[in-house]
Amino acid sequence: EGMGEEALTTHDVVTARLWRATVRARGLSPDEQTRVCTVVDTRRSLSLPSTYSGNAAMWAVAGACVGELLEEPLAATASRIRQAILETRAAAGHDKAVTSDSWLRR
């Protein structure tokens with residue numbers, strides 16, 4: 001693990017497996033772009049109080065070229081998903097003062 005990275009989770013690996021199987025089943029050409037989306041819980045990134053009972057989620061989107069996706073190791077595909085999740089959490093935390101305040105006012 002490098003700086004700013006997290007270990008792969010079961011979610012990352014299962015999502016990677018499903019993404020690759022879906023792409024393979026669709027018979028997409030190797031040069032097409034493909035994406036997978038997953039929901040990310042951003043409560044910690046936004047520092048929401050424990051009493052907050054609303055939603056705090058954002059979409060994380062990972063993308064790749066079909067040929068590259070199907071040729072790379074499963075761990076590499078799972079890493080793409082993990083990186084998208086980390087970037088989404090970071091983006092949520094970047095404007096957390098404004099975002100959490102606007103969410104709490106709803």
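Does Glu68 count as buried, partly exposed or exposed, and what is its relative accessibility? At 45% relative accessibility, Glu68 counts as partly exposed, a class lying between buried (under 20% relative accessible area) and exposed (over 50%), as evaluated with a 1.4 Å probe on protein chains only. The structure is a predicted model, in which local features need pLDDT of at least 70 and side-chain atom pairs count only at pLDDT 80 or more, whereas totals for chains, interfaces and linings use all residues. Residues are numbered from 1 along each chain as its sequence is written, and side-chain values use heavy atoms, with hydrogens and water left out.

The protein chain contains five helices and two strands, arranged from the N terminus as α-β-α-β-α-α-α. These elements are DSSP runs numbered from the N terminus, helices being H or I runs of at least four residues and strands E runs of at least two. Of the 106 residues in the protein chain, 32% are buried. The accessible surface amounts to about 7000 Å², and carbon and sulfur atoms account for 52% of that surface; areas were computed by the Shrake-Rupley method with a 1.4 Å probe, and for residues only the protein chains shown count as cover. Among contacts (heavy atoms within 4.5 Å) between residues at least 6 apart in sequence, 72% join residues at least 24 apart.

The two strands pair in the antiparallel sense over nine bridges, strand 2 comprising residues 57-65; pairing requires that DSSP find at least two bridges between the strands. Asp41 has Ala57 of strand 2 as its bridge partner. In strand 1 (residues 33-41), Thr34, Val36, Thr38 and Val40 point to one face and are buried, while Gln33, Arg35, Cys37, Val39 and Asp41 point to the other face and are not buried. In a regular strand the side chains alternate between the two faces of the sheet.

Val39 also contributes, together with Trp59 and Val61, to a nonpolar surface patch of about 330 Å². Patches consist of residues with over 30% relative accessible area and no salt bridge, like charges being joined within 9 Å and nonpolar side chains (Val, Leu, Ile, Met, Phe, Trp, Tyr) within 5 Å. Val61 lies in strand 2 and is partly exposed, with a relative accessible area of 41%.

Val36, one of the buried residues of strand 1, is in contact with Thr15. Thr15 is found in helix 1 (residues 10-26) and counts as buried at 15% relative accessibility. Beyond its neighbours within four places in sequence, Thr15 also contacts Ile81.

Four salt bridges were counted, each defined as a side-chain nitrogen of Lys or Arg within 4 Å of a carboxyl oxygen of Asp or Glu. Side chains of opposite charge can pair when their charged atoms come close. One of these salt bridges joins Arg43 and Asp41 (3.7 Å, N to O). Arg43 is partly exposed, with a relative accessible area of 31%, and Asp41 is likewise partly exposed, at 47%.

A further salt bridge links Arg80 with Glu68, the closest N and O atoms being 2.6 Å apart. Arg80 lies in helix 4 (residues 74-94) and Glu68 in helix 3 (residues 66-71), so the pair ties together parts that are twelve residues apart in sequence. The side chain of Arg80 also meets that of Glu72 in a salt bridge (2.9 Å, N to O). Glu72 counts as buried, at 13% relative accessibility. Through shared partners, these salt bridges join Glu68, Glu72 and Arg80 into one network.
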